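Grab a coffee and load the model in your viewer. Here are a few exercises to work through, each with its solution.

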Amino acid sequence: MMKKNFHRYVGPLISVILFTAAVWLLHNELKTHHLPDIVHTLGAIPEGRLMAALVLTIFGYLVMTSYDVLALHYVGYPLPYKKIGLASFIGYAFSNNIGLSMIAGASVRYRLYAAWGLSTLQVTLVVAFCALTLWLGFFTIGGLVFTFEPLVLPPSIHLPFASTLLLGLLLLAVVFIYILVTLIKKRPFKIRGYELKLPSIRLLFPQLTIAAM
């Protein structure tokens, strides 16, 4: 009963707080601009670029919903895509625009996924899997760019290397170690009585592909 009341009252309260925060941030961002100026600026952008921006935005959110699809397979609780897409889209819309992604996005996911039967631990693992996938993408793309197109670093930042080559190799090494451990480690890690399993081989390569996209 207590858990049911928590979902009934605290969930909507979190949603209201997030919506209020979004409106407040939007107001602060736009208070120095006026609607006619915004309309005029948009009108000056070629239609082709606006359509390209719209298509790429839709594609970006479709890719990000794939994080949740894989995450729910990882926790063993797959849902219909219409539910996953809704939770993922709202979560990323809040986290990408408000910031504080681990709070805003996670709160939305908890509100919806808990209502659809996931436990608190499962929602936590979904959020962690999505965050891991995101950083795998950063490390993979960043590692490839820094390695094959190394940038010269300015001396003012006082790093022990002169270009991004070493950093790129380190990033790719982290990705390689993750792949290697996932392929070799068959038993879950045990941390303070909890078991943390790595993604299966069936999920590993789709995860890396989605992360890079």
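The exercises below go from single residues to the nonpolar cores, and the model is a predicted one.

**Exercise 1.** Work out whether Asp 68 is buried or exposed, and find its side-chain polar partners.

*Solution.*
- Start with the location: Asp 68 sits in helix 3.
- Next, the accessibility. Asp 68 has a relative accessible area of 0%, so it is buried.
- Now look for polar partners. The Asp 68 side chain makes a polar contact of 3.1 Å with the side chain of Ser 88, and another of 2.9 Å with that of Arg 109.
- Finally, scan the surroundings, skipping neighbours within four places in sequence: the contacts of Asp 68 include Tyr 92, Tyr 113 and Cys 130.

**Exercise 2.** Follow Tyr 113 into the largest nonpolar core and say which elements build that core.

*Solution.*
- Beyond four places in sequence, Tyr 113 touches, among others, Asp 68, Leu 72, Leu 118 and Val 126.
- The core has 28 residues, and Leu 72, Tyr 113, Leu 118 and Val 126 touch the most other members.
- Helices 3, 4, 5, 6 and 8 each give two or more residues to this core, with helix 3 supplying the largest share, eight residues.
- Apart from this core lies another, of seven residues, including Leu 136, Tyr 178, Leu 204 and Leu 208.

**Exercise 3.** Decide how Thr 140 should be classed, and find what it touches.

*Solution.*
- Thr 140 belongs to helix 6.
- Its relative accessibility is 17%; the cut-off for buried is under 20%, so Thr 140 counts as buried.
- Leaving out neighbours within four places, Thr 140 is in contact with Leu 172 and Val 175.
- As for Val 174, its C-alpha is 8.9 Å from that of Thr 140, with the two positions 34 residues apart in sequence numbering.

Note on methods:
Residues are numbered from 1 along each chain as its sequence is written. This is a predicted model: local features need pLDDT of at least 70, side-chain atom pairs count only at pLDDT 80 or more; totals for chains, interfaces and linings use all residues. Side-chain values use heavy atoms; hydrogens and water are left out. A nonpolar core is a set of buried Ala, Val, Leu, Ile, Met, Phe, Trp, Tyr and Cys residues joined through side-chain atoms within 4.5 Å. Buried means under 20% relative accessible area, exposed over 50%, partly exposed in between (1.4 Å probe, protein chains only). Helices (H or I, at least four residues) and strands (E, at least two) are DSSP runs, numbered from the N terminus. Contact means heavy atoms within 4.5 Å. A polar contact is a pair of N or O atoms within 3.5 Å; within protein, one must be able to donate a hydrogen and the other to accept it, and residues adjacent in sequence count only if both atoms are side-chain atoms.
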